[in-house]
Amino acid sequence: MMAIIEYYARALTRGRFSLLSFALQPLSFIFIVYVVSGGKFLNTALAGALVSFVVGVGIADLAIELVGMKTRSRFYDIIMSLPGSNWRKALGISLGMSVPALPYVVLLTAILVWRLGVDAFSRMLAAIAALWLWSAGIGFLLGVKGKEPIRVMRLSNLLVTGLTVFPPVYYPASVLPGWLAKILVFLPTVSASQVLSGTGGRASLITTFLWGVLGLAFLLRFAGIEE
């Protein structure tokens, strides 16, 4: 598993430009929400960017890489021939693909802890881990079941946009009608954002945790790309 993590970490962090372009959209949303709200929604904007980094790597980048592996049969054979169970290889690919997001996740988490207090760190860490497991599980589901790279790319990007831009992820749910906010809180991205921004209670944390368990179940079922 460590060999897989190291391979993806080196491949994805080789160029500084790729790391900057990777962060452009989430950081730009922070700026937009901050300006539009006059600074009122800064915590939510920071939490939204944090959610976008985690979900983007899992659902989009991971899914596209997995479906692309089907066209690189030699590389796939090398990965699957490495020692260890298939679910460990799945976990290794997930961790390796997450390396480019790590500096931004650490930075945004540190800023939110500074603004919310050290007491918030434990629940934030739990929410990030659960959200990562869920997004990685969905990414593996898309990558394993998908046949065409272009179709998987479009679907994964649509899911990331639909789950992070339009729901109350970068902005608080309080600006929406009450009935709609109560429904959207069950989305993993919304519940995680509320935990990370300090606007959600135990219900949001439990919701995020349950989504994480579902993602873990998908990872544990991984038996190979060609299922």
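What volume does the second largest pocket have? In this predicted model, the second largest pocket has a volume of about 240 Å³. Its lining is made up of Phe 53, Val 54, Val 57, Leu 95, Ser 98, Val 99, Ala 101, Leu 102, Val 105, Val 106, Ile 128 and Trp 132. Two or more of these residues come from each of helix H3 (42-69), helix H5 (86-98), helix H6 (102-116) and helix H7 (121-145). When the lining of the second largest pocket is sorted by class, 11 residues are nonpolar and 1 is polar, while no charged residues are found.

Enclosed space was examined as well, and the structure holds 1 cavity of 30 Å³ or more. The space within the largest cavity amounts to about 30 Å³, and the residues that line the largest cavity are Val 57, Gly 58, Leu 62, Ser 94, Met 97, Ser 98, Trp 132 and Ala 136. At least two residues of this lining are supplied by each of H3, H5 and H7. By class, the lining of the largest cavity comprises 5 nonpolar and 3 polar residues, again with no charged residues. Val 57, Ser 98 and Trp 132 appear in the lining of the second largest pocket and also in that of the largest cavity.

Aromatic contacts were then considered, and a search of the whole structure yields 3 aromatic pairs. One of them joins Phe 29 and Tyr 170, whose ring centres lie 5.1 Å apart with the planes at 55°, so that the pair is classed as tilted. Because Phe 29 belongs to helix H2 (residues 16-37), whereas Tyr 170 sits in the loop between helix H8 (149-164) and helix H9 (178-184), the pair ties together parts that are 141 residues apart in sequence. Phe 29 is partly exposed, with a relative accessible area of 21%, whereas Tyr 170, at 4% relative accessibility, counts as buried.

Trp 134 and Trp 211 form another aromatic pair, which is edge-to-face, with 6.0 Å from centre to centre and 75° between the planes. This pair likewise links distant parts of the chain, since Trp 134 lies in helix H7 and Trp 211 in helix H11 (residues 202-220), at a separation of 77 residues. Trp 134 has a relative accessible area of 6% and is therefore buried, while Trp 211, at 28% relative accessibility, counts as partly exposed. Helix H7, which carries Trp 134, is also among the elements that contribute to the lining of the second largest pocket and to that of the largest cavity.

Terms used:
Residues numbered from 1 in each chain as written. Predicted model: local features only at pLDDT ≥ 70, side-chain atom pairs only at ≥ 80, totals over all residues. Heavy atoms only, no water. 1 Å grid on protein atoms, 1.4 Å probe; cavity = no way out; pocket = protein on both sides within 12 Å on 5 of 7 lines; lining within 4 Å. Points joined across faces, edges and corners; volume = space filled by probe spheres on them. Helix = DSSP H or I, 4+ residues; strand = E, 2+ residues; numbered from the N terminus. Nonpolar A, V, L, I, M, F, W, Y, C, P; charged D, E, K, R; others polar. Phe/Tyr/Trp six-rings, centres within 6.5 Å; stacked < 30°, edge-to-face > 60°. Buried < 20%, exposed > 50% of the residue type's maximum accessible area, 1.4 Å probe, protein only.
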